[in-house]
Amino acid sequence: MSALEMSTKHLLGIKYITREDIDLIFSTAENFKEVINRPIKKVPSLRDITIANLFFENSTRTRISFELAEKRLSADVVNFSASSSSVKKGETLLDTVNNILSMKVDMIVMRHPAPGAHAFLANHIDVNIINAGDGTHEHPTQALLDAFSMREKLGDLKGKKVVIVGDILHSRVALSNIFCLKKLGAEVMVCGPPTLIPKHIKMLGVEVSYNIREALEWCDVANVLRIQLERQDIKYIPSLREYSSYFGIDLELLNSLKKDIIIMHPGPINRGVELSGDVADSEHSIILDQVENGVAIRMAVLYLLASKRNVIKA
Amino acid sequence: MASGRVILSPSKFNFVLERLTHQLIENYGDFDNTCIVGIQEKGVRLSQNLIKLLESKSDLKNKIEFGKLDISFYRDDFRLRDQPIKVSPTDLEFSLEGKKVILIDDVLYSGRTIQAALAALQDFGRPLKVELLVMVDRRFNRQLPIHPDYTGIVVDALDEAYVRVVWGDDKNDHRIRIFSAENRKV
């Protein structure tokens, strides 16, 4: 029988949860997907919970997705973004968070530019922490929704081949995806320019390719990442145009492959760079399914972690 | 498996199912504008058995609308329980707006499951009327003012006792058992 509760109190990264946790999140998310397709898309599960969304880094999709998930579970929500806060005045992370917690917040969803910021907080405070991205480290809910979306199309992921294309070096999505897919038994390859592939990535049990055609011929699914210009303090590629001509995916390339593959992208897409517009809008792409599943996955994570909270017993 | 005491034998169990079926036909006739909603998981099993009987007794074949309702997300004791809740799928493909709903569960105990189910039903429309059918009514253990409209058997037992509807593989193998407090984990 599968597990009924998560093995951890926080979701700091896919590395720290088990295969059973992932299966439990998926089965719960299936039920939430039914809920968000009802005319009334709301259940009262978390009505006594207050959640703070702390975004120390910009985000549109993830923040809206978390906020919708929280509201559909009837939680109270407070939002915080670093650009308009006392962080600018020099307050430390722990002080900021402790101030928010003293206003009786029960869970924290946080995005932070420093890898490990969540693990640091988890050692100092007592509420559930959900990682919505920490620097170049992990983005666990993205990996969960990616794998959930793949599973919807392909069934069990054991033995399925997934290639992650693009800026692997700076991508938290890539790292979380690798952990998640390996735990689910999939085979993983990364593909991109040598400068954007970490030196010892093979230690994680993944294949490496520098040739996009070869990688696409091999895989069942291609998860295509954005080139993160904001994280490139030095030049890793000569130009976007050159990147696009070597690693960009267009419909002509897809149609020349021997089989149909699924194209995914965590967004935001740079149309014409990593994906051409016609690929993003083609039937190969499940990008909008990923976004829909994101809400269901985040509802599942919030619900399961909230059930790990000990409420005051009268 | 620890035995527990049988309080409703297979032969009597089938009599009770027959009686409930006749009561429903008496009140709902051709089941026009009426649907059956079973509460996951054991209420669904009871519903399916009743529908099979209803269909065999009248010309209702494939005419009864049936949905499965999971109430995990509506429970008021979520996070108070020692055991985590197992979530099951909800499968209710039709609107309940203006419909007569027969809500079905196996054991009515504290009434909290039914309270959660009533809240959940509201999310699928505003029913004209909701009636409650249960196989077992533990009438002295209620914590909320909820009463069934159709009852299989009434069981008066201590709070600590555990009553279980045991569905066999064969229709002549269903029964109801009662377990004492020491055996209830089994």
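Let's start with a small oddity: just after helix α6 of chain A, A:Gly185 takes a positive phi of about 90°. Keep in mind that everything here comes from a predicted model. From that glycine, step back into the helix before it. Helix α6(A) covers residues 172–183, which makes 12 residues, and its first and last C-alpha atoms are 17 Å apart, close to the 16 Å expected at 1.5 Å a residue.

Is α6(A) enclosed or open? It is largely enclosed by the rest of the structure, because 11 of its 12 residues are buried. Among the buried ones you'll find A:Val173, A:Leu175, A:Ile178, A:Phe179 and A:Leu181, and also A:Arg172 and A:Lys183. What do these buried residues pack against? Their partners in chain A are α1, α5 (140–154) and the strands β4 (128–134), β5 (161–165), β6 (187–191) and β8 (221–224).

Now follow chain A along to another helix, α11. This one runs over residues 287–306 and has 20 residues. From first C-alpha to last, α11(A) reaches 29 Å, close to the 28 Å expected at 1.5 Å a residue. Even so, α11(A) has a bend of about 25° at A:Asn293. It is mostly covered too, with 15 of its 20 residues buried.

Loops deserve a look as well. Find A:Ala75, which sits in the loop between α2 (61–72) and β2 (76–81) of chain A. Why does A:Ala75 count as buried? The cut-off is 20 or more other C-beta atoms within 10 Å, and A:Ala75 is buried because it has 22 of them. Leaving aside residues up to four places away in sequence, A:Ala75 touches A:Leu46, A:Ile49, A:Thr50, A:Ile51 and A:Glu70. To get a feel for distances in this chain, jump from A:Ala75 to A:Ile227: they are 152 residues apart in sequence and 35 Å apart in space, C-alpha to C-alpha.

Another loop in chain A, the one between β9 (262–264) and α10 (277–280), holds A:Pro268. The peptide bond leading into it from A:Gly267 is cis, with omega near -10°.

Time to cross over to the other chain. Where the two chains meet, chain A supplies 16 residues and chain B supplies 13 residues. Which element gives the most on the chain A side? That's helix α1(A), residues 19–36, with 4 residues. Sorted by class, the chain A side that touches chain B has 7 nonpolar, 4 polar and 5 charged residues.

Inside chain B, look for two helices that pack together. Two packed helices are described by the angle between their axes and the distance between the axes. Here, α1(B) (residues 10–28) and α2(B) (residues 42–57) pack at an angle of about 65°, with their axes 10 Å apart. Their crossing is right-handed. On the α1(B) side the contact includes B:Leu17, B:Leu20, B:Leu24 and B:Ile25, while α2(B) offers residues including B:Leu50, B:Leu53 and B:Leu54. By class, the residues of this contact divide into 7 nonpolar, 2 polar and 2 charged.

The stretch between these helices has some backbone surprises. In the loop between α1 and β2 of chain B you'll meet B:Phe31, and its phi is near 60°, a positive value in a residue other than glycine. B:Phe31 is partly exposed, as it has 19 other C-beta atoms within 10 Å. The loop between α1 and β2 of chain B is also the place of B:Asn33, whose phi is near 55°, again positive in a residue other than glycine. Is B:Asn33 buried or exposed? It counts as exposed, because it has 12 C-beta neighbours inside 10 Å.

Carry on past β2 (34–39) and, in the loop that leads to α2 of chain B, you reach B:Glu41. The peptide bond from B:Gln40 to B:Glu41 is cis, with omega near -5°.

Finally, visit B:Lys129, found in strand β5 (residues 129–137) of chain B. B:Lys129 is exposed, since 12 other C-beta atoms lie within 10 Å. B:Lys129 and B:Gly43 are 86 residues apart in sequence, and their C-alpha atoms are 19 Å apart in space.

Notes
Residues numbered from 1 in each chain as written. Chains lettered and ligands numbered in written order. Predicted model: local features only at pLDDT ≥ 70, side-chain atom pairs only at ≥ 80, totals over all residues. Expected span 1.5 Å × (residues − 1). Bend = angle between axes of the 7 residues up to and from the residue. Axes fitted to C-alpha atoms, helices over the stretch in contact; angles between N-to-C directions. Left-handed = near helix turned anticlockwise from the far one by under 90°. Contact = placed C-beta atoms within 7 Å. Nonpolar A, V, L, I, M, F, W, Y, C, P; charged D, E, K, R; others polar.
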